[in-house]
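This briefing covers three topics: the relation between two protein chains, the surface around a DNA strand, and the setting of one arginine.

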2 protein chains.
Amino acid sequence: MTASTTPGRRPPSQQIADELRQAIADGSLGPGARLPSERALAQEYKAARNTAARALQLLEEQGLITIEHGKGAFVRERQRLFRFGNDRYSFRHRATGLTPFRLEVTQQGKEPRVDVVGITREDPPEDVGERLGVAGPGSVLHRENHYFADDEPVQIVSTFLRWDEVHDTPLMQPKTGKNGIYGRLEDLGHVMTTGRDEVTARMPTPEETETLRLPAGVPVVEVLHTSFDQNGEPFEVTRYVHRADRTGLVYDFPVDQTEEDA
Amino acid sequence: MTASTTPGRRPPSQQIADELRQAIADGSLGPGARLPSERALAQEYKAARNTAARALQLLEEQGLITIEHGKGAFVRERQRLFRFGNDRYSFRHRATGLTPFRLEVTQQGKEPRVDVVGITREDPPEDVGERLGVAGPGSVLHRENHYFADDEPVQIVSTFLRWDEVHDTPLMQPKTGKNGIYGRLEDLGHVMTTGRDEVTARMPTPEETETLRLPAGVPVVEVLHTSFDQNGEPFEVTRYVHRADRTGLVYDFPVDQTEEDA
DNA sequence: CCAACTCACTGGCTTGAGCCAGTTCTGGCT
DNA sequence: AGCCAGAACTGGCTCAAGCCAGTGAGTTGG
């Protein structure tokens, strides 16, 4: 045997995808450029339309192109529009009177909008309950917001608070007043002193695909944020879901110089 | 017209996918469980085999199942094995004599391995050049390593250093000695004082799919790390590529309490 | 002038057939 | 008992044909 499994030739659909991928990589198909139609590709490569369609699907799954019904397939524009990170929680934004999200969006010349989707008493998801230190039916208040820039959905934000603490406060209302929920949590004696962000990525659920209006082949970034107060107690957990192709996260941190093991 | 676009019925392949997804969600198909074969599904739903196959593909793209040639389709086990974050750079791991990676892997009872894939002089990628403050042909040293746990690939790590600074140092060698590259960079006068991680997620390139042995429908998490020394100067940039389904990132950070705008 | 219609395009999805390539079971032969 | 070949499964991929549903431009009628 020469090599294992005889590399031989790749199947036609993958060959077509390879050639198109190459054309995108070397710039002969620039961002926004339209690819040949399925029928045209099929003819060009003497393959069935199915096969050409499969090739385009492969590229879409790899996040290289977007396919639009009735219009065609287009090389995806790479644009990383939003940058979030530990800065998102910084107090220094308060001088502007804008939330970090509104600041970011207006700086880009777009119109921010927040939809309050629901404020409900709920059973906490397992990961949230663990972090917030609660369990049992109805032990959390769940505030779900959807954020938009120029009517384009940007992120899904689910905030969880301890029901016992907040059920008779302005945190039950859609409008939470100056400095938002963190302002009200300070009224309750919780000043965010440290934060923890747990970051994962995955493919979106069908619901997320719909609410974020995601094209195929775009993962989501999920951030599970926990806020700790001046006593080191967790008092708020928020789950952020962003589309990965439009969002970057930036974390700046000091490096611990002490050599003792924890 | 009642509603827009007549919600009507979803296409058969999506209906099949929906029912299977439901079965996975409610636990009647647990992790590791085997799904019916394409031919069985086709018969059950009175559809063509193609249609059943399409349904399974949809679930694979959504990261819910893995399809294995000759074996069948299986509900994916969710396992988040590795947790990295700002802790990855902490000096306190030095007491153990192990790198954070080896520590993490051995704690899981697995055998860590690092392959040094290449140590080459290169033209810096644009994003790296900007952050490292260099440009031009041959201005960086690129060290590429692949990390494994029990021969399973875990991460691809590309470190970039300024060629001018390191070309006659042990940093050219595969083995860098005590405390690794950060130890040698300290010899050169750079102590990591702050770090910045820029986190993004995307679908893998075909090369990454191969080296990380990724099943379909698994995104990758890319971390572009920049190290700053005691003078606030960047001296090292590293790109980490992880498979998203096995990796979580954790960032702990103090929250800046000063209200002045930057 | 503008609205409405028509038609030629685009992709979405299905059918049913077929061949190929991994995997696993099974039964027969040593 | 142990091995080994083949049968019976699995998915991978293709073909050719067809119908449906968005899109957009060009035409037609008010």
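Copies are superposed by least squares on the C-alpha atoms of residues with pLDDT of at least 70 in both. The model is predicted. Within it, chain B superposes on chain A after a rotation of 180° and a shift of 0.1 Å along the axis, with an RMSD of 0.2 Å. That is the relation of a two-fold axis. Both copies use the same surface, and 100% of the contact residues of chain B recur in chain A.

**Surface near DNA strand D**

- DNA strand D is surrounded by 24 residues, the closest being A:Ser13, A:Gln14, A:Asn50, A:Thr51 and B:Arg49.
- Of the atoms of DNA strand D that come within 4 Å of the protein, 61% belong to sugar and phosphate.
- The residues of this surface comprise five nonpolar, 11 polar and eight charged.
- Helix 3 of chain A gives the most to this surface, with four residues.

**Polar atoms facing DNA strand D**

- A polar side-chain atom of A:Thr51 is 2.2 Å from a phosphate oxygen of the strand.
- At A:Ala48 a polar backbone atom lies 3.0 Å from a phosphate oxygen.
- B:Arg49 places a side-chain N or O atom 2.5 Å from a base oxygen.

**A:Arg243**

- A:Arg243 is located in strand 9 (residues 234–243) of chain A.
- A:Arg243 counts as buried because its relative accessibility is 7%, and buried means under 20%.
- The side chains of A:Arg243 and A:Asp245 share a polar contact of 2.8 Å.
- Beyond four places in sequence, the contacts of A:Arg243 include A:Val154, A:Leu212, A:Arg213 and A:Pro219.

Methods:
Residues numbered from 1 in each chain as written. Chains lettered and ligands numbered in written order. Predicted model: local features only at pLDDT ≥ 70, side-chain atom pairs only at ≥ 80, totals over all residues. Heavy atoms only, no water. Helix = DSSP H or I, 4+ residues; strand = E, 2+ residues; numbered from the N terminus. Buried < 20%, exposed > 50% of the residue type's maximum accessible area, 1.4 Å probe, protein only. Polar contact = N/O pair within 3.5 Å; in protein donor to acceptor, adjacent residues only side chain to side chain. Contact = heavy atoms within 4.5 Å. Near = heavy atom within 4 Å. Nonpolar A, V, L, I, M, F, W, Y, C, P; charged D, E, K, R; others polar.
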